[in-house]
Amino acid sequence: MIKGLAITPPVLGRISIGRVIEKNGIRLPQKDNQFTITSQVQEKSGWIIHPIDEELRKDAPNGKLRTIPVSMLFNEADLNLRAEYTMFDRKSGRPMCVGNGDTCRRLTQSGVQSLPCPSPTLCEFGKGGLCKPYGRLNVKVGDDDDLGTFIFRTTGYNSIRTLAARLSYYQAVSGGLLAYMPLELKLRGKSTTQSRRTPIYYVDLVIKEGVPLQEAVAQAREKARQMKEEGVDQAALDAAAAKGFGNALFEYDEDEMTQVVEEFYPAAADDGPLDNSSVVSKLRKDLNSTKSASG
């Protein structure tokens, strides 16, 4: 296996709850109150809608796609959802620092170093909104491809917190048979003081509508038994995925870096992208402070 390249699940398309619009010559993210499933092909007018979006939307109330039937590719919750605090270089879109609130891997002038991670609110290196929680959820939609997935990417605390909890809980109650549970993504809304009582939307993961938890677990056990009898080794698949994710220091897709910057780091009219000199200057300042702290 080639080293330094994260081997991630094959992606057939994207799931989003917003889009990027152009306003006064600036491309800005715009939230939506429904899901959109797109292909991986982008034109000037935006991403091309995936056929499965049209198929699911036919049965959606008022044509608003707010639930998507899904299943997980892996039994291990953390393989389906990878979430870390991430600071991106806003010019290249590449990750500069990735941490879990305890330790981080940071790209410095001396290479990648392992350093303490105090979380975005307490970190001098990533202050000013440069460091954000960044989650990637891979799910299976439909039965056309056994190993192909659709990816939902988010920097929203609500979506990441909710998805992480649900995946962990379903893995636990099913006895580690998460990949066989009948699930669906559900769009939820809420208002907060920070949102000035304007509804904000986040993604939840629930048992498929109409299926009690006990029945969902029973279905998962039966499906797992059938797959095992047919020779499918789910444990080996999980192990291969874990090895693939760990094959690189940072997980990122070169083709998606521009999208990451557009969606998660919108540029204001007076806010140009970070150039290399500013990034190097920040790295040098951080390294000097680290050396001073260590005595």
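## A walk through the predicted model

Let us start with a single residue: serine 119 is buried, its relative accessible area being 17%, where buried means under 20% relative accessible area, exposed means over 50%, and partly exposed lies in between (1.4 Å probe, protein chains only). This is a predicted model, in which local features need pLDDT of at least 70 and side-chain atom pairs count only at pLDDT 80 or more, while totals for chains, interfaces and linings use all residues. Residues are numbered from 1 along each chain as its sequence is written, and side-chain values use heavy atoms, with hydrogens and water left out.

**Two residues with positive phi**

Serine 119 sits in the loop between strand S8 (111-116) and S9; helices (H or I, at least four residues) and strands (E, at least two) are DSSP runs, numbered from the N terminus. Although serine 119 is not a glycine, its phi is positive, at about 85°. Most residues other than glycine have a negative phi. Asparagine 62, in the loop between H1 and S4, also has a positive phi, near 60°. Asparagine 62 counts as exposed because its relative accessibility is 79%.

**The whole protein**

The protein has seven helices and twelve strands. Of its 295 residues, 41% are buried. Taking contacts (heavy atoms within 4.5 Å) with a separation of 6 or more, 65% are between residues 24 or more positions apart.

**The S4-S11-S12 sheet**

An open sheet is built from three strands in the order S4-S11-S12, with antiparallel pairing; two strands pair if DSSP finds at least two bridges between them. At its edges are strand S4 (67-70) and strand S12 (200-207), each pairing on one side only. From one strand to the next, the twist averages 30°. Helix H3 (residues 157-173) packs on the sheet and touches S11 and S12, its direction making about 5° with that of S12. Here axes are lines fitted to C-alpha atoms, for helices over the stretch in contact, and angles run from 0 to 180 degrees between N-to-C directions. S12 is mostly covered, with six of its eight residues buried.

The strand pairings of this sheet, and those made by S5, can be set side by side.

| Antiparallel pair | Bridges | One pair of partners |
|---|---|---|
| S4 and S11 (residues 183-190) | four bridges | threonine 67 and lysine 186 |
| S11 and S12 | eight bridges | leucine 187 and valine 203 |
| S5 and S9 (residues 131-139) | seven bridges | glutamate 84 and tyrosine 134 |
| S5 and S6 | four bridges | phenylalanine 88 and proline 95 |

**The S5-S6 hairpin and valine 98**

S5 and S6 form a hairpin with six residues between them, and glycine 93 in the turn has a positive phi of about 80°. Valine 98 belongs to strand S6. Valine 98 counts as buried because its relative accessibility is 7%. Leaving out residues up to four places away in sequence, valine 98 touches Glu84, Tyr85, Thr86, Thr103, Cys104, Arg105 and Phe250. The C-alpha atoms of valine 98 and leucine 249 are separated by 9.1 Å, with the two residues 151 apart along the chain.

**Empty space**

Rolling a probe the size of a water molecule over the atoms shows where empty space is left. On a 1 Å grid over the protein atoms alone, a cavity is a set of points where a 1.4 Å probe fits but cannot get out, and a pocket is an open set with protein on both sides within 12 Å along at least five of seven lines; lining residues have an atom within 4 Å of a point. Grid points are joined across faces, edges and corners, and a volume is the space filled by probe spheres set on the points.

Searching the whole structure gives one cavity of 30 Å³ or more. The largest cavity has a volume of about 90 Å³. Its lining has 16 residues, of which Cys97, Arg106, Cys117, Cys123 and Cys131 are the closest to its centre. Strand S5 (81-88), strand S6 (95-99) and strand S7 (103-108) each supply at least two residues of this lining, and S6 gives the most, with three.

The second largest pocket has a volume of about 760 Å³. Among its 29 lining residues, Ser71, Lys140, Gly142, Asp143 and Lys223 lie nearest its centre. Helix H1 (51-57), S4, helix H4 (213-229) and helix H5 (234-245) each supply at least two residues of the lining of this pocket.
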